Amino acid sequence: MSGSSEFAGPARVAVVGVGNVGASFAYALLLSGLAAEIVLIDANRAKAEGEAMDLNHAVPFSHPTRVWAGEYADCAGASVIVLAAGAGQKTGETRLDLVHKNACIWREIVPRIVAHNRTGILVIATNPVDVLTYAAWKLSGLPPRQVIGSGTILDTARFRYLLSQHFGVDARSVHGFIIGEHGDSEVPVWSLANIAGMRLEEFCAAESLPYDPKVMDEIFAQTRDAAYRIIERKGATYYAVAAGLMRITQAILRNQNTVLSVSSLITDYYGMNHVCFSLPTVVNRSGVQQVLRIQLSQDEIAKLRHSATLLQQTISKLEL
């Protein structure tokens, strides 16, 4: 597998929306040294300027990087444009509750981005991320491979972390995916979850550990509801999703062919079409290189179809 040809010039990443998520991502990006140029764009120009100043003062501790508050014209030449603009999720509010507020913002900003850049990869962070990924694709007119939502990359990380805590192994050694909507209808792929290639029940048997399906259900519930618990306590989530955005950006800029659970346009997946949701996806310099067609159990297929139906119903209410 290979990506598209290299972009000319230094790697530029544009961040549209520098609230908690956008600013945290820009900070992580600066520390990584991946981008030579980081441009911050926000409706609140003073906020973007302040964030750029603060980040520039970190440059002597990190990597030589040009950071500035810019305009949509500065999206020109960006290899990656991260969209983190929009209203945040409030206590008691679901991700889908945000859709009309943020779809209105999308109608304004997406055309302004693609007016200056039709070759970069759009990475969508704003919730409801699956619906807004679909909206960004429709509004931009870009090929589907160039529009990626952060999707369940964070849910998958939460899932792996909680399983690692339960089984007492490094989270990086736990392999499993959350697929479907980044939200209440997301689906854990228990049939493929494993540690060192061993299914969870096999691992428990080998290590003389109990395997309790009720405990597994509770781990998934904690995964699914994590954002609600964090929002109740600190008002928003942003560090972990910024790290997820960083991982997607790294896979793109370094042409890594990395498999990530990101959201993209789905075509004929167990009969599902015309919707964006997350599946294990090969990501490289061209964006979505391939959506992997993993074998699911009948129960997982039914739950994924339910997730797709909910997203399609929401998409149908938008004027795109």
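The following exercises, each with a worked solution, concern a predicted model of a protein chain.

**Exercise 1. Overall form**

Determine how the radius of gyration of the protein chain stands against the value for a compact globule of 320 residues.

Solution. Begin with the secondary structure, which comes to nine helices and 14 strands. The C-alpha atoms fill a box of roughly 55 × 45 × 45 Å along the principal axes. A compact globule with 320 residues would have a radius of gyration near 20 Å, and the protein chain has 19 Å, so the two agree. Next, consider burial: 52% of the 320 residues count as buried. Finally, among contacts with a separation of 6 or more, 71% join residues 24 or more positions apart.

**Exercise 2. The nonpolar cores**

Identify the helix that gives the most residues to the largest nonpolar core, and describe the surroundings of Ile-38.

Solution. The largest nonpolar core has 41 residues, and those touching the most other members are Phe-25, Leu-29, Ile-38, Leu-40, Val-123 and Ile-252. Helix H8 (residues 239–253) gives the most to this core, namely eight residues. A second, separate core holds 24 residues, among them Val-39, Val-129, Ala-135 and Val-147. Turning to Ile-38 and setting aside neighbours within four places in sequence, one finds contacts with Val-13, Val-15, Ala-26, Leu-29, Leu-30, Thr-65, Arg-66, Val-67 and Trp-68.

**Exercise 3. Aromatic pairs and charges over rings**

Classify the pairs Tyr-134 with Trp-137 and Tyr-269 with Tyr-270.

Solution. Two quantities are required, since a pair of aromatic rings is described by the distance of the centres and the angle of the planes. The count for the structure comes to five aromatic pairs. For Tyr-134 and Trp-137, the centres are 5.4 Å apart and the planes stand at 70°, which is edge-to-face. Both residues lie in helix H4 (residues 129–140), three residues apart, about one turn of the helix. For Tyr-269 and Tyr-270, the centres are 5.0 Å apart and the planes stand at 85°, so this pair is edge-to-face. As to accessibility, Tyr-269 is buried at 2%, whereas Tyr-270 is partly exposed at 26%. Two rings also carry a charge above them: the charged end of Arg-66 sits over Trp-68, 3.7 Å from the ring centre, and that of Lys-234 sits over Tyr-238, 4.0 Å from the ring centre.

**Exercise 4. A residue in a loop**

Decide whether Ala-85 is buried or exposed, and list its contacts beyond its neighbours within four places in sequence.

Solution. Ala-85 lies in the loop between strand S4 (80–83) and helix H3 (99–114). The relative accessibility of Ala-85 is 12%; buried means under 20%, so Ala-85 counts as buried. Apart from neighbours within four places in sequence, Ala-85 is in contact with Val-16, Gly-17, Trp-106, Ile-109 and Thr-126. The C-alpha atoms of Ala-85 and Asp-42 are 7.6 Å apart, although 43 residues separate the two in sequence.

**Exercise 5. Cysteines**

Explain why Cys-104 forms no bond with the closest cysteine sulfur.

Solution. A disulfide requires two cysteine sulfur atoms within 2.5 Å. The closest cysteine sulfur to that of Cys-104 belongs to Cys-276 and is 19 Å away, therefore too far for a bond. A search of the whole structure accordingly finds zero disulfides. The accessibility of each residue completes the account: Cys-104 is partly exposed at 47%, while Cys-276 is buried at 1%.

Methods: Residues are numbered from 1 along each chain as its sequence is written. This is a predicted model: local features need pLDDT of at least 70, side-chain atom pairs count only at pLDDT 80 or more; totals for chains, interfaces and linings use all residues. Side-chain values use heavy atoms; hydrogens and water are left out. Rings of Phe, Tyr and Trp (its six-membered ring) pair if their centres lie within 6.5 Å; planes under 30 degrees apart count as stacked, over 60 as edge-to-face and the rest as tilted. Helices (H or I, at least four residues) and strands (E, at least two) are DSSP runs, numbered from the N terminus. Buried means under 20% relative accessible area, exposed over 50%, partly exposed in between (1.4 Å probe, protein chains only). A charge sits over a ring if NZ of Lys or CZ of Arg is within 6 Å of the ring centre and within 35 degrees of the ring normal. A nonpolar core is a set of buried Ala, Val, Leu, Ile, Met, Phe, Trp, Tyr and Cys residues joined through side-chain atoms within 4.5 Å. Contact means heavy atoms within 4.5 Å. The radius of gyration is taken over C-alpha atoms; the globule rule is 2.2 Å times the number of residues to the power 0.38.
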